[in-house]
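Student: Before we discuss ring contacts and cysteines, could you bring up the sequence and the model?

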Amino acid sequence: MAFIKTSGQCKERFSLLLLDLEEYYFEQHIAYHVTNTSNTKRKIRGSFKVCSKSVIFEPEDVVEPILKIPLRDCKSIKAVKGSCHVFNETQPTGLSISCGQVYSIKASNVIAPYKIERGNNTFFFHLEATSKTEDVVQTLLQLQRASCLDKLADQTAMITANLQSRLARTSFDKNRGNSPLKQGLSYLYMGCTNAHTLGSLPFAMRSFESVAEKTHMECKAEMVTPLVTNAGLVCITDENLYFQPLNGYPEQVVQIKLHKVRRIYKRRHGLRPLGLEVFCSENDFCSDIYLKFYDTCDRDELYYYIATFLENHTVEHTAESYMLQWQRGHLSNYHYLLHLNNLADRSCNDLSAYPVFPWIISDYTSTHLDLTSASTYRDLSKPVGALNPGRLERLLMRYKDMPEPRFMYGSHYSSPGYVLFYLVRVAPEHMLCLQNGRYDNADRMFNNIGETWRNCLEGATDFKELIPDFYGDDTSFLVNSLNLNLGRRQDGSWVGEVVLPPWAQDASDFLQKNRQAFESQYVSEHLHEWIDLVFGFKQRGCEAVVAHNVFHPLTYEGSIDCDSVMDPDQRIAMLTQILEFGQTPKQLFTNPHPQRITPWVNMSQTASCNTALSPDLTERSGRMTWTNITSLKLLSSHKIHKEAVTGITVTQNGSAVFTTSQDSTLKMFSKESNVFQRSMSFSNMALSSCLMLPEDKAVVCSSWDNNVYFYSVPYGRRQDTLMGHDDAVSKVCWMNDQLYTASWDSTVKVWKCSCADMSRTKRSQLQLLAEFEHDAGVNTISLNPAGTLLVSGSKDGTASIWDTTTFALLHQVNCHTGTIHDIAFSPDSRHILSVGGDFCLKMLDVQTGMLILSLQAEEEQRCFCWDGNTVLTGGQSGDLLFWNLLSSKVTSRIPGHSGMVTAMWMNEQCSSLITGGEDKHIIFWKPE
């Protein structure tokens, strides 16, 4: 991943990875390591670095090893006067450190396990800034006392106090050039009086780009990179975000231009809400900076301030918006999982929360990989720990006998150790940092793909998943291009390049076949099952127990508040365990994740819902494509009613338009002659909707007088009346000789209504087939193109999905906070869109009932047409708006009515549009 490239940019041998975990690097000084060997004195020039738990000396000569002296092993630290025999000079002073062990690192600049020299040793150092020797000694003595305290909590508290004291005495320098006052204060703080001290200035002398920049806030924070954090100061202005490291490493100031920021995310760090990650690109997974704050309030203030700069640059994506793009094939499986990892607080800067990807292939023995066979793939509906039935049985027996809090797996599927297990060949220094200067045992290293998979199936404590690199195109983590000495295995073989399965010709071929498998038909149809386990509703609670997906409680967000633990040692132990054991991703979905829409979808999981979705989703799905529609041309406008238009329907040949209105009339308008031809009034109450029966035999109208009226088009008169409700009838639908009527009496009724009966002059008998009960009045209903599903929208904001073949309720979703004005299926029957009184557009997944998209409009939208990706809505102002659901943006706004748009009709060919409004007009449009 990208963090390896970032760390590799530094030309110094020294890096923060030489420090212990949770150790801080404070300051550095030019110094000489003075040695006496066989009466020969050597003075090795280098950098003397003061850290919170150690002293590190980095020689300028790369042949010489870096020395790391742990302060806890030091027996004495003292200043040495110039009269000391090791110095020939009369005036300079130095310091001596006597210790029990020292680490020799990167001799000849070779990355290798640290060499530990045990036994009594004394090291002499001569600082070029001789006057500061005493100050450095006192600092080291203070840090040594902290390192030697019995309790880890006391050690941490003392070191943290030292760090905070340093930060408190530091201020962010806003000067573009060198300021004598600032420079003097900087030198005073760092204990430096001449220009020989490297990094002695904690302030960046040219921090602000412009003197006109206005500071918004300053606070203390730490910059997070894999395994290490670097303390410093954050300053944000009206133009830039700055981070100034306390130690000036690896650069004096990190600068982010706010107008270049594209994404920001709040992060958990150690399961605590303290992190903030900033991206200056849309697609890169690795961020430009990751900050950890000491106070959540500081983090939040910075987040919301930066967010104000994003409004004109990008739209904040949600898990649901990415889901929609993935479902419709606009995102690959790979990129969808990257986005989910990002939203779930997974970051390449935090190895305890590194992006997690699934094992996909289960065949690592065949010479040919058959990607068309289901047996080639791993069962994505089960966690790794449940793939082997025998092992799972043993784990469940232990789980049943375990006291609370119980867990099935003693190790996680993602942790710093597992990430570096895979990446050791490209990140050896990270592995050495994590393993206290050692590589793991050669037989436990990442040696063989097939062996690793087998151990994940059979090992008693191995349940790890994969990382994104297995589906990328960089093969470096599979080959030993750095020629690292990773050890010899028990069989005598050296650990070198990773042994690939027989079906892979080389590392590039292996990754290519992995990518092909990841984007295969099988994975596309089953990836949602794995998402349910890792990011979804099977991550926690009883569903996790049923799915055998229960990990240690400390890995879950919100399971414990570390700050509430009073015992300092216990709190630090918990934080350490969280960081080293791994973290479960943030839960993104609480309902079953929808399946991807693929050319050969297998919907065999929900019987009732399947029956409705299995037919060829009608010819409309092929025709309803709005790809080429970018605008609307107004053809004509006609005022034909005395009140708002409520419904529009058109004859099969398009020559006659029928409209209903709150003025209680049904009117017929001739499109050919542009004149209104007929008017019919059934009662003195408003008509609410209308529809045309096949072959233009009759128009069905719903009325606020609780009735449904049938108007015979050939005979020009009312043919029948259905008195079937106890309150106003709000909407009617018809398909396959069944009439559906929605009412404010909280019901939707299904009637047997044969079209053949409507052609007769005598009154027909309508048979009641079913009644769908609701908790509130029903405003609107819609059928899917096949007529097998019906969705109803209620006044309380609830959307209900019904199976019209069994009359069963499939899903009921509270999706709006206000009444639902209009609702409709997508042409492929996969999704439902609704608009409501809360100014929102909401999209539901039909199969799962999950709310997958919510868009906030500037005004109330009353009606719409859509093709599944693009929506045309009519709003309160009378304007028509085109929405791109995949980008969650309004793409165009067209002025229309002088009052709100109340009705909309579009033909199946998308070549003609008619709208009706509160202004009593109907407008004819031509899509362009």
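**Rings, charges and cysteines**

Tutor: Both phenylalanine 669 and phenylalanine 924 are buried, where buried means under 20% relative accessible area, exposed over 50% and partly exposed in between (1.4 Å probe, protein chains only). This is a predicted model, in which local features need pLDDT of at least 70 and side-chain atom pairs count only at pLDDT 80 or more, while totals for chains, interfaces and linings use all residues. Residues are numbered from 1 along each chain as its sequence is written, and side-chain values use heavy atoms, with hydrogens and water left out.

Student: How many aromatic pairs does a search of the whole structure find?

Tutor: Rings of Phe, Tyr and Trp (its six-membered ring) pair if their centres lie within 6.5 Å, and planes under 30 degrees apart count as stacked, over 60 as edge-to-face and the rest as tilted. Applied to the whole structure, the search gives a number of aromatic pairs equal to 37.

Student: Which class describes the pair formed by the rings of tyrosine 303 and tyrosine 304?

Tutor: Tyrosine 303 is itself buried, at a relative accessible area of 12%. Its ring centre lies 5.1 Å from that of tyrosine 304 and the two planes meet at 85 degrees, so the class is edge-to-face.

Student: What is the class of the pair between phenylalanine 669 and phenylalanine 924, and how many residues apart are they?

Tutor: The ring centres of phenylalanine 669 and phenylalanine 924 are 5.7 Å apart with planes at 35 degrees, so this pair is tilted. It links distant parts of the chain, since phenylalanine 669 belongs to strand S18 (residues 665-670) and phenylalanine 924 to strand S42 (residues 921-927), strands here being DSSP runs of E with at least two residues, numbered from the N terminus. The separation of the two phenylalanines in residues is 255.

Student: Over which ring does the charged end of lysine 464 sit?

Tutor: A charge sits over a ring if NZ of Lys or CZ of Arg is within 6 Å of the ring centre and within 35 degrees of the ring normal. The charged end of lysine 464 is 5.1 Å from the centre of the ring in question, which belongs to tyrosine 418.

Student: Why is the sulfur of cysteine 690 not bonded to that of cysteine 701?

Tutor: Cysteine 690 counts as buried, at 10% relative accessibility. A disulfide is a pair of cysteine sulfur atoms within 2.5 Å, and by this rule the count of disulfides is zero. The closest cysteine sulfur to that of cysteine 690 is in cysteine 701, and it is too far for a bond because the distance is 5.6 Å.

Technical notes. Helices (H or I, at least four residues) and strands (E, at least two) are DSSP runs, numbered from the N terminus.
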